[in-house]
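This report introduces a structure to a reader who has not met it before. The sequence and the model are shown first, and the description follows.

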Amino acid sequence: MSMLLEVSGVSVSFDGFRAINNLSINFAPAELRAIIGPNGAGKTTFMDIVTGKTKPDEGHVIWGDKNISLLGMSESQIAREGIGRKFQKPTVFEDQTVRQNLAMALKNPRGPFAVLTHKKTAKNGARIEAIADEIGLLDSLTRPAGELSHGQKQWLEIGMLLAQDPRLLLVDEPAAGMTVEEREKTTDILRRAAETRAVVVVEHDMEFVRRLNCKVTVLHEGSVLAEGNLDHVTSNQQVIDVYLGRSHA
Amino acid sequence: MRKSFLSENPSVLWFIAALGLFTLMVTLLSEATGAGLISTSFVKTLGKTLCLCLIAIAMDVVWGYCGILSLGHFAFFGIGGYAIGMWLMYARTEGIVLESLAGQTIPPTPQEISDAIGNQIFGVVGSSEFPMIWAFADSLFLQLLMVVLVPGLLALVFGWLAFRSRVTGVYLSILTQAMTLALSLYLFQNDSGLRGNNGLSGLQNIPGFEGTPQSTIAIVFFLISAAALGAGYVFFAWIVSGKMGSVIKGIRDNEARVRFLGYHVESYKLFVFTITAVISGIAGALYYPQAGIINPGEIAPIASIYLAVWVAIGGRGRLYGAVIGAAFVSLLSSWFTGGGAPDINLGFYTIQWTDWWLVLLGVSFVAVTLLFPKGIGGLFDYLVRKQP
């Protein structure tokens, strides 16, 4: 099976500091993957490179069935190609209602004139309601997003990602600041999403990663240190030394 | 669709009703068409105020809704004024010249007529040659096209360069100030082709209507300005409602997020910047025939800053707020600076409002920004909330 996203030999430096060092990592079309690693391991920079925010110094980022390169594409082009990104801090449009937030994210033509002449359709309405139901916000469609609780905002943002109908979801610390029940629900949403698309979760919280029950990639100093299921990587001596060992010290 | 747009935006209907009522009242009280209780000069002031309201809603769309603090939109207003002013001056001078040459036994050649018009218009800056930019001045249609095209193209090129380089925030504001300052300084030069610091004058005289009294011309321009404001209001309300409104408000609140949703943010900013510049040009083209004169001082950087102050005091992010702010502050400004407000004698010092008005305006601006960030328009929120 060909890969959805192939990152190979990518390096990037900021003022001489190598944030990503010859990183190679692949994702299948439908999989759930967790990326863990200590602070400064390059997790966020990796997402910045894939989504076009940061240009790497060298290496290749190859996407999709047609094997196109994502390097040189703008953030909005990459998003239209089917890569969605959720930020660590929930960033929803607080002034606007849940429905408006979802409508903006819904997969539709993105040009100014298409948007200006956009008409509300029953089909779009049904899609919005289906997504709102999935993230548990069906009753809150008319509420301003600013009124939502922290966990609800996180779900709304995940819902906006789903509305984009991306083939790859990059999710940065979805469980941060959530209660235990909220975490369980978030896990369910992500696992369901991963049935039809690739979902990559960057996470600090080992308990949350264990609950995701998926393949784990450990990053360290900008490259892959270990890969496999959680028990496999946590028993790896190098991983214990650089990450687990240090955090337990 | 139009029906659903209006039913979802009842404030648009309220605004149009209020504007219609106001227009009717002024028409019935004016000298030309009514009881004569409102002087012609005040009709002109009100007509000009409506044009300022029109540019204020444009400013509100670009700043209050899209988050681009442009401090250069008065440049587009001025360009609109100059574009229409060129035709007004040319056509009127042509009429005068033809009349004075009519008595000659030998009919004047076209070159003689052209020289005589050039002499009349550019004598004041020591020239009689028509500069290139006056090539279309004899055509009302082409100059009306300029009212729209020149501000639109300038905004398109400027905006493309600025937004493409992702210039945002205060840096963009400074760039727009530089743009309006550069334009103003250029126009101050005698060889700019637009009569330097003299500007264009006599614009209140409309060619072809020499016999029509100013009182009638004033009320006609007032009505056109009111119609333009009403149309502009509906147009902008349509732009900022629906999905387009969602996207541009999203750009204001979190540009990066909108980008990662797959929207090409720069195109949207360029669209908003350009469309508001075009409307500003139209507002200027209606304003200056009522003012009678335009000179480069009109597009000095301070004018665009005032515009931002009006919108801030009226209330950003709501179109009627911009209208209230522009009308309230500009009328108050002419009252204070025109000697309408009585001086306050403190015994040891006399507060003369012509000098102190700017201080009062500055203090109100700071106070509104700090204490009532929603501006005067925010009062409507309380009214609406009180209803059951």
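What share of the contacts in chain A between residues at least 6 apart in sequence join residues at least 24 apart?

## Contacts and overall form of chain A

In this predicted model, the share is 68% for chain A: that portion of its contacts between residues at least 6 apart in sequence joins residues at least 24 apart. Chain A contains 10 helices and 10 strands. Of its 249 residues, 43% count as buried.

The C-alpha trace of chain A spans about 55 × 40 × 40 Å along its principal axes. The radius of gyration of chain A is 18 Å, and a compact globule with 249 residues would have a value near 18 Å, so the two agree.

## Strand β3 of chain A

Strand β3 of chain A covers residues 32–36 and is mostly covered, with 5 of its 5 residues buried. In a regular strand the side chains alternate between the two faces of the sheet. In β3(A), one direction is taken by A:L32, A:A34 and A:I36, while A:R33 and A:I35 point the other way. The residues on both sides are buried, A:R33 among them.

## Neighbouring strands of β3

Which strands are joined to β3(A) by 4 bridges and run parallel to it? One of them is strand β8 of chain A, residues 198–202, which is parallel to β3(A) and connected to it by 4 bridges. Within this pairing, A:I35 stands opposite A:V202 of β8(A).

Another is strand β9 of chain A, formed by residues 215–220; here too 4 bridges make the connection, and the strands run parallel. In this case A:R33 of the strand β3(A) has A:K215 in β9(A) as its bridge partner. The two residues named in these pairings, A:I35 and A:R33, both belong to the group that points the other way from A:L32, A:A34 and A:I36.

## Chain B

Chain B has 15 helices and 4 strands. Buried residues account for 43% of its 388 residues. Among the contacts in chain B with a separation of 6 or more, 76% are between residues 24 or more positions apart.

Taken along the principal axes, the C-alpha atoms of chain B fill a box of roughly 80 × 55 × 55 Å. A compact globule with 388 residues would have a radius of gyration near 21 Å; chain B has 22 Å and therefore agrees with that expectation.

Terms used: Residues numbered from 1 in each chain as written. Chains lettered and ligands numbered in written order. Predicted model: local features only at pLDDT ≥ 70, side-chain atom pairs only at ≥ 80, totals over all residues. Buried ≥ 20, exposed ≤ 12 C-beta atoms within 10 Å, placed from the backbone. Pairing = 2+ DSSP bridges. Rg over C-alpha atoms; globule rule 2.2 N^0.38 Å. Contact = placed C-beta atoms within 7 Å.
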